[in-house]
Amino acid sequence: MVPTVGDVYCVYVEKIQQYAACQVTGLKETEGKGSYPLAAVLQLDWSGDQLPNEVELHQMKPLICNFYFWKDQFDHSFVNANVPSGYVLVGNVSPLVTVETNSYNGGWQTGNSLYLQREWESIDETRRSPFKQALNDYQNITVGDRVMRRNTSTIRDFSPHSAKDMAELAKLPCLTHIEINGYSESIIPFINDNPLVNEFHLMNHNQISLDFSESHLTKLVLDVSGLELLVLNPKMKSLNFTGNLSPELHIEASENGRWITLNIASDVPQVSGVARLGGLLIRDIKELDLEQIVQLYPELSELRLWGKPGNLSNLESLQCLTHLQEFTTYDPFGFSGEQFPGPEQLPELARLWLTSLPADAAKSIKTRYKKAAAAGLELEVSKPRKPEWLAENLNNPFRDWDGRTHIQATHAKKAAQLYKQCLKEIRLLGQNVNDQEAFQKQLISMVETYTQTFNKMDAKTGFIETIEREEIYVVLMELLDQLEQELGQDSAIEMNREEIYEVFDRMRDF
């Protein structure tokens with residue numbers, strides 16, 4: 001359903017346990033092929049236990065946001081014009097803001113900024129005021145052994161050894177994000193005493209238990225290797241686990257994790273204490289059984305699955321997640337469209353984003369969810385993969401370049417073809433070369449071609465950034481690993497890796 005300009009909608013927001021409101025201030029069409037309507041949505045400064053009456057409707061004002069880095073701004077963005085399910089039309093009044101916005105958002109997200117604004121206002125003014133005063137202070141100051149701008153908000157690669165080291169961070173009144181490698185007993189007391197610090201990363205801490213119950217953190221990125229007890233504060237929203245997850249890990253979280261989204265690699269996390277987990281993101285999937293997710297976390301409202309690529313089994317069990325509101329995937333395979341639950345089996349689903357999946361499944365799902373999309377479901381099914389494509393690209397490490405916004409399709413295709421070519425040469429080298437000198441010469445020639453190909457591609461558009469640079473290097477190492485496997489342990493031929501790396505480093509321009 002597409003709204004009308006001036007429409008005011010309300011939706012119940014779990015985070016604030018009340019209704020919140022927004023207004024549609026404008027409508028327009030996207031440009032290009034497959035255009036669709038957009039709505040400019042303004043967040044309003046209103047909430048209530050019940051839907052508003054006529055008097056309240058005409059008293060509503062725009063929400064003015066000044067939390068953290070916002071500077072008395074409206075939350076006013078273009079979104080897909082289809083009104084999401086759960087939104088209730090409560091009236092129509094003249095647009096409260098008439099200036100067109102140039103901001104775009106992934107969804108309506110009504111109530112989110114209102115929640116953040118209230119959280120900000122709950123912080124003592126003696127903390128908020130220095131933060132705001134320092135926002136535009138670019139003066140260099142010394143913090144420990146570093147020279148930093150006074151308005152620095154993020155500090156990385158910090159390794160404190162004492163309370164004095166941690167105390168140095170108090171010189172940064174805008175600090176909200178800290179990344180620490182190592183551990184000191186002074187870390188958690190500092191975090192607890194600084195309500196503006198809302199994101200914290202902790203690696204290589206070697207602790208069995210960690211207690212963040214007195215902190216104000218909303219996001220925690222944590223190395224869980226060896227960790228057996230993790231105590232969280234009620235405001236925690238996002239957990240990102242790295243390292244080796246222990247089966248002994250127990251988490252103490254508000255309402256058994258109802259408000260938390262957990263981000264983890266490869267497999268279904270089996271931890272106690274978060275049976276009511278609200279959101280789950282599993283990345284780098286190779287094989288995943290959805291039935292296991294349903295059994296462990298039956299109250300999920302958000303589920304995101306990112307393959308490496310990976311195969312999903314028991315996809316039909318998704319229908320048991322009766323509270324599911326968002327389901328997004330990238331590179332999932334091993335299933336058909338018939339196995340995917342229909343819209344009637346996922347009654348609360350508001351967003352369905354599926355990217356890079358079997359072509360037959362993509363077609364079936366788009367057809368079955370067409371009516372739901374017209375009724376307000378955010379539906380995006382893209383990059384359908386035909387069997388021929390899967391056969392050629394499923395295990396190609398450069399296949400992820402296809403679709404990256406800053407990489408041309410021709411470059412993504414050329415990188416994938418280059419990998420296939422190198423793989424063929426590796427197999428031939430491993431099977432047919434018996435002369436050490438000729439072997440190393442041919443290998444160096446392959447590496448030169450590999451490097452020069454990327455040099456030429458990058459010279460045209462400069463698309464190779466940090467991630468791509470790392471990927472190119474890792475792929476080369478993996479090719480060399482495969483060559484060693486082809487040669488076998490008993491081979492008289494030896495690879496001079498140092499010479500190969502030297503050739504790669506000397507020749508590359510990216």
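**Exercise 1.** Identify the residue of β17 that is the bridge partner of Val-231, and place this pair within its sheet.

*Solution.* Step 1. In this predicted model, Val-231 has Glu-252 of β17 as its bridge partner.

Step 2. The strand to examine next is β15, which comprises residues 229-231 and is joined to β17 by 3 bridges. The two strands run parallel.

Step 3. Widening the view, β15 stands between β13 and β17 in an open sheet of 3 strands, ordered β13-β15-β17, with parallel pairing. The edge strands are β13 (209-211) and β17 (250-252), each of which pairs on one side only.

Step 4. The orientation of the strands completes the description: on average, neighbours in this sheet are turned by 10 degrees against each other, direction ignored.

**Exercise 2.** Determine how the span of helix α12 relates to the one expected at 1.5 Å a residue, and which of its residues are buried and which exposed.

*Solution.* Step 1. Helix α12 covers residues 466-487, 22 residues in total. From first to last C-alpha it reaches 32 Å, close to the expected 32 Å.

Step 2. Buried residues are those under 20% relative accessible area, and exposed residues those over 50%. By this criterion Glu-468, Ile-472, Val-475, Leu-476, Leu-479, Leu-480, Leu-483 and Leu-487 of α12 are buried.

Step 3. Viewed down the axis of α12, these buried residues fall within an arc of 135 degrees, and therefore line one face of the helix. The general background is that an α-helix has 3.6 residues a turn, so residues three or four places apart point the same way.

Step 4. Thr-466, Ile-467 and Gln-485 are exposed, on the other side of α12.

**Exercise 3.** State which helices the buried residues of α12 pack against, and what phi Gly-488 takes.

*Solution.* Step 1. The packing partners of the buried residues are α10 (409-432), α11 (436-461) and α13 (497-507).

Step 2. Just after α12, the phi of Gly-488 is positive, at about 85 degrees.

**Exercise 4.** Characterise the protein chain as a whole by its secondary structure, extent, burial and contacts.

*Solution.* Step 1. The chain contains 13 helices and 23 strands.

Step 2. Its C-alpha trace spans about 90 × 60 × 50 Å along the principal axes.

Step 3. Of its 510 residues, 48% count as buried. The accessible surface of the chain is about 25,400 Å², and carbon and sulfur atoms contribute 47% of that area.

Step 4. Among contacts with a separation of 6 or more, 50% are between residues 24 or more positions apart.

Notes
Residues are numbered from 1 along each chain as its sequence is written. This is a predicted model: local features need pLDDT of at least 70, side-chain atom pairs count only at pLDDT 80 or more; totals for chains, interfaces and linings use all residues. Side-chain values use heavy atoms; hydrogens and water are left out. Two strands pair if DSSP finds at least two bridges between them. Helices (H or I, at least four residues) and strands (E, at least two) are DSSP runs, numbered from the N terminus. Axes are lines fitted to C-alpha atoms, for helices over the stretch in contact, and angles run from 0 to 180 degrees between N-to-C directions. The expected span of a helix is 1.5 Å times one less than its number of residues. Buried means under 20% relative accessible area, exposed over 50%, partly exposed in between (1.4 Å probe, protein chains only). The arc is that of the directions from the helix axis to the C-beta atoms. Contact means heavy atoms within 4.5 Å. Accessible areas come from the Shrake-Rupley method with a 1.4 Å probe; for residues, only the protein chains shown count as cover.
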